[in-house]
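This report looks at one protein chain, its empty spaces, its cores and a few single residues. Keep the sequence and the 3D view open while reading.

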Amino acid sequence: MSEVIVVGAGPTGLLLAGDLAEAGIAVTVLERRDGTISNLSRAFGVHARTLEQLDARGLADRLVTMGAALRRVRLFERVEIDLGALPSRFPYLLITPQYNVERLLLERALKAGAEIVYDAEALEVGQDAGGVTVTTAHGVHRAAYAVGADGYHSAVRNSLGQPFPGKSVLKSIMLADVKVAEAPAELLTVNGVGDAFAFIAPFGDGYYRIFAWDRRHSVPDDVPLDLEEVRGVARRALGTDFGMHDARWLSRFHSDERQAPHYRIGRVFLAGDAAHVHSPAGGQGMNTGLQDAANLGWKLAAVLRGAPDALLDTYHAERHPVGRSVLRSSGAIIRAAMIESAAGQVLRGFAARRALAIPKIREKVAGQLSGIGYHYPAPHGAHELTGSRAADVPLAGGGRLYEALRGRRFVLIGDAGRDDRIKVVTPAAPGGPAMLVRPDGYVGWAGTDTTTLHRALDTLLGPAGSPTTTRP
C-alpha cells in the first residue's frame, strides 16, 4: 500500500511525488490523462524562486538550457519590473514552456521510484481515522494521506465538498500557438490598451504562444476561434500581428480568481490549481504550485517517519497567505491592463513608474513576482531569520547551499553542534548565527543555543531515534 497518493501528474504533482520518493516514501500518482505530455500547456515562464527549488533537486541547470532569460518584465507601455537585481543565482524569468518542466520532473519522479498510474481518473475520495481511499474506474487505492494536485476542476476538492470561492476576471481569453513572419524584438512582448490585451512569447521550437483578450467580444469558451480574430486583437494591443500564420492550436478559456479556504482537510491536502487559480498576469500560476509541493513534500515525509502531526498544519499556515498574495498581485496587474480610458492609461503608467522608482517598492514587487520575497510566519520568540528564504551561500571547500540540499535533508550552516538527523556544512564566509535550512530552502531555526536547535529538530523531524532521523 502507498503511504501517499497524489492525484494529478502535472508539474505540482510530479515535483511532490519526486520529493516523497527520494525521501523513501511509497507514493502513487493517479493521472486521468494517457501519459502524453502535451505541448499545448499554458505556462511559459519559470521564476527565480522556482529555479532555486529546482536547483535544490539538481534540475535547474538542465532547464535553463531549454529556455531564454528575461531580466526585465514589461507590464504595459513603459512600465517594467527589473529582475536583474534579484539576490539569486537566477536573476531573471526563464521563458520555457511547461512541458519542459514536466519532462524533467517526470524523469526524476520515476527514477526515484514513484509509481504513476495513467488513465486513472479519481472519481471519489473518502477518508477515515486510518487513511484515505481514492476510487477510480479501474480500482481502489488506499494510503495514509492524499494530495489533490488535479487542477481547477479538482475531483479531490469536489469529492470532499470543499468550496472554491471567487469569480471570473476575464472571459473568452484567446490562446494560439503560431509561427510568425517577423520575430518580436523582445523576448516577451505584452501590452494592454483598455479594450484589448495581448502578449506573445516563444516556445523555442519555432512557434510562439499568444494570449489575447478582447473587451468587445466576450463569448463562451466553446465558441470556435479562428486566427484572424487573434490577429485583430494583437494588432490593437501590440500594434502588429507579427505576420502570424500556421496556427497549430487555437482555443478559448476564462480566467478566474479563486482560492480554497482550507489547504488541509484531515488527511487530504490541496496544492497548485486545485487550491488556487488566478489570472495569467505575471506568470505565477505554475510557479506557485511547484512551491506548494516543495513545502508539503518534506512535511509529509517527516510526519510519516515520526514527526508530530501538527507539522502538517503549517502547510496551510505558510502557503495559504502566499496564494492569497499571488491572487491580489496578479489581479492588480490584469486590472491595470484593462483600464479603458486614455486618461486612465496615462495615469496608470505615471503612477506605476513613480512607485517603481522607490527602491523598497521596486524590491518588494520584484521579490513577490519572482517568489523570493516571501517569508513564512515564525514561532513566537524565534530568531528573525526563521521563516525566511535561505540564500544560496558558498560553502567552505567549494559548493553551495542548494547543492547541499539535494539530499532532501535538513542542512545546518555553521557551528551549533552535531546531530545525526542533519547535514552540517561550514559557510565560506563565517559570521552570523547558525541556520538550520529546511529541504525547501527556508530557515527552520537560527541562533547559537543548541538546546533550542534540538527542540526545533524534534518539532520538524520528530524525536531523536524516530524513523525519520535514521534515514541515510
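Is Asp119 buried, partly exposed or exposed? Asp119 has a relative accessible area of 44%, so it counts as partly exposed. The model is a predicted one.

**Confidence**

The chain has a mean pLDDT of 90, and 96% of its residues reach 70 or more. Over residues 468–472, however, the pLDDT is below 50, although this stretch has 15 contacts in the model beyond near neighbours in sequence. Where pLDDT is low, predicted coordinates should not be read in detail.

**Two residues with positive phi**

Most residues other than glycine have a negative phi. Asp119 is not a glycine, yet its phi is positive. Arg408 also has a positive phi without being a glycine. The table sets out the two residues.

| Residue | Phi | Loop between | Relative accessibility |
|---|---|---|---|
| Asp119 | about 55 degrees | strand S8 (115–117) and strand S9 (122–128) | 44% |
| Arg408 | about 60 degrees | helix H11 (401–404) and strand S21 (411–413) | 13% |

Arg408 counts as buried because its relative accessibility is 13%, and the cut-off for buried is under 20%. Leaving aside neighbours within four places in sequence, Arg408 is in contact with Asp19, Glu22, Ala56, Arg57, Arg108, Pro439 and Asp440.

**A buried glutamine**

Gln98 belongs to helix H4, which covers residues 98–112. With a relative accessibility of 14%, Gln98 counts as buried. Gln98 and Pro377 are 279 residues apart along the chain, and their C-alpha atoms are separated by 30 Å.

**Nonpolar cores**

In soluble globular proteins, nonpolar side chains tend to be buried together. The largest nonpolar core here has 86 residues, of which Val4, Leu300 and Leu436 touch the most other members. Helix H7 (residues 285–304) supplies the largest share of this core, 10 residues. Not counting residues up to four places away in sequence, Leu300 touches Val4, Leu20, Tyr145, Val147, Phe269 and Leu312. Apart from the largest core lies another, of 32 residues, with Phe44, Leu83, Ala201 and Ile334 among them.

**Enclosed and open spaces**

Rolling a probe the size of a water molecule over the atoms shows where empty space is left. The model has four cavities of 30 Å³ or more. The largest cavity holds about 180 Å³ of space. Its lining is made up of 16 residues, and those closest to its centre are Val73, Leu188, Val190, Ala281 and Gly282. Strand S5 (72–76) and strand S15 (196–202) each supply at least two lining residues, and S5 gives the most, with three. By class, the lining of the largest cavity has 12 nonpolar residues, three polar and one charged.

Which residues lie closest to the centre of the second largest pocket? They are Pro379, Thr386, Gly444, Ala456 and Thr459, out of 27 that line this pocket. About 560 Å³ of space lies in the second largest pocket. H7, helix H8 (313–337), strand S24 (443–447) and helix H12 (450–461) each supply at least two residues of its lining. With five residues, H12 gives the most. The lining of the second largest pocket divides into 14 nonpolar, nine polar and four charged residues. Helix H7 therefore has a part in two of the features described: the largest nonpolar core and the lining of the second largest pocket.

How values were computed: Residues numbered from 1 in each chain as written. Predicted model: local features only at pLDDT ≥ 70, side-chain atom pairs only at ≥ 80, totals over all residues. Heavy atoms only, no water. 1 Å grid on protein atoms, 1.4 Å probe; cavity = no way out; pocket = protein on both sides within 12 Å on 5 of 7 lines; lining within 4 Å. Points joined across faces, edges and corners; volume = space filled by probe spheres on them. Helix = DSSP H or I, 4+ residues; strand = E, 2+ residues; numbered from the N terminus. Nonpolar A, V, L, I, M, F, W, Y, C, P; charged D, E, K, R; others polar. Core = buried A, V, L, I, M, F, W, Y, C linked by side-chain atoms within 4.5 Å. Buried < 20%, exposed > 50% of the residue type's maximum accessible area, 1.4 Å probe, protein only. Contact = heavy atoms within 4.5 Å. pLDDT = per-residue confidence, 0-100.
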